[in-house]
Amino acid sequence: MAKILEKQELASNIQRFIVEAPQIASKAQPGHFVILRHSEKGERIPLTIADFHREEGTITLVCQGVGKSTKEINRLQVGEEFIDLLGPLGTAYPVKKLGTVVCVAGGLGVAPLYPKAKALAVAGNRIITIIGAQRRDLLIMTGEMEAISEQVLYATDDGSFGHKGFVTDLLRQVLAEEKVDEVVAIGPVPMMAAAVKVSKEFSVPTMVSLNALMIDGTGMCGGCRVTVGGETKFCCVDGPTFDGYQVDFTELMKRQRFYRKKEQEAEHRCRLEGAE
């Protein structure tokens, strides 16, 4: 059991939970994730550890309600508990002093990006952050990112805040003007693929965090396999952080669509249950 100590709505359908998990907090590193289950009949859901406090014994999780289980998770309240919480899982992001690092986040990607960016800043790197969302009210964790960044640039699809357009527009602009040592891009798969394409134009190394379909989280099922550098890797144990230049994004995008019909059916049932 893992008790919810605090809950905050960051944007529509996006909740931040501070969870009591001292054993996980004691071992967590940037890039790690957990797998949780909110009820006996609930799915196993992987969520990135968006922050952790060893002294307080807490971890921070950010959940976007897009399907049946994530919407049920977001209805949980302070004092309630996750019945299962497994972690920390995955391979930690390699934090080094590189120089100037551009951190690019699309949508909910800010949550997994934040602990990496914070660790990079603590290590002495200069951080330039680019955050994108469909519209202004969906921008999340802006204060946290501004606190650790020398500069934060914003992009919205509708132009309601910052640049009207894509984060890759701003990335190309920054790379043309600055000497950048690494790009870290996290967000929807098409966004990460586009960011890698842009950074390749400037020969800047780029790390991505892959959100492949995941089941057990320990490398046993093979459900989260991806092709990296021509080899099969498992996101749950080899990642989720990978060299973006080596990722087969075309294959990954096809795999992400594999269960779309099942997800739509589950979402339909969720709406019916909510109406009863």
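In this predicted model, the sulfur of Cys235 sits 5.2 Å from the closest cysteine sulfur, that of Cys224, and that is too far for a bond. A disulfide would need the two sulfur atoms within 2.5 Å, so the Cys235 sulfur, at 5.2 Å from its closest counterpart, goes without one. Cys235 is also buried, with a relative accessibility of 0%.

Searching the whole structure turns up 0 disulfides. Cys221, too, is in none, and here the nearest cysteine sulfur again belongs to Cys224, this time 6.0 Å away. As for its surroundings, Cys221 comes out as partly exposed, its relative accessible area being 40%.

Turning to the fold, there is an open sheet of 7 strands with mixed pairing, and the strands line up in the order 11-10-9-8-12-13-16. The edges are taken by strand 11 (163-164) and strand 16 (241-243), each of which pairs on one side only. Strand 16 runs antiparallel to strand 13 (residues 206-209), and 3 bridges hold the pair together. Ser209 contributes to this pairing, with Thr241 in strand 16 as its bridge partner.

Helix 3 (residues 110-122) lies across several strands of the model, namely strand 8 (100-106), strand 9 (126-133), strand 12 (182-186), strand 13 and strand 16. Relative to strand 8, helix 3 runs at about 165°. Strand 16 thus turns up twice in this picture: as an edge of the sheet and as one of the strands that helix 3 lies across.

Notes. Residues are numbered from 1 along each chain as its sequence is written. This is a predicted model: local features need pLDDT of at least 70, side-chain atom pairs count only at pLDDT 80 or more; totals for chains, interfaces and linings use all residues. Side-chain values use heavy atoms; hydrogens and water are left out. Two strands pair if DSSP finds at least two bridges between them. Helices (H or I, at least four residues) and strands (E, at least two) are DSSP runs, numbered from the N terminus. Contact means heavy atoms within 4.5 Å. Axes are lines fitted to C-alpha atoms, for helices over the stretch in contact, and angles run from 0 to 180 degrees between N-to-C directions. Buried means under 20% relative accessible area, exposed over 50%, partly exposed in between (1.4 Å probe, protein chains only).
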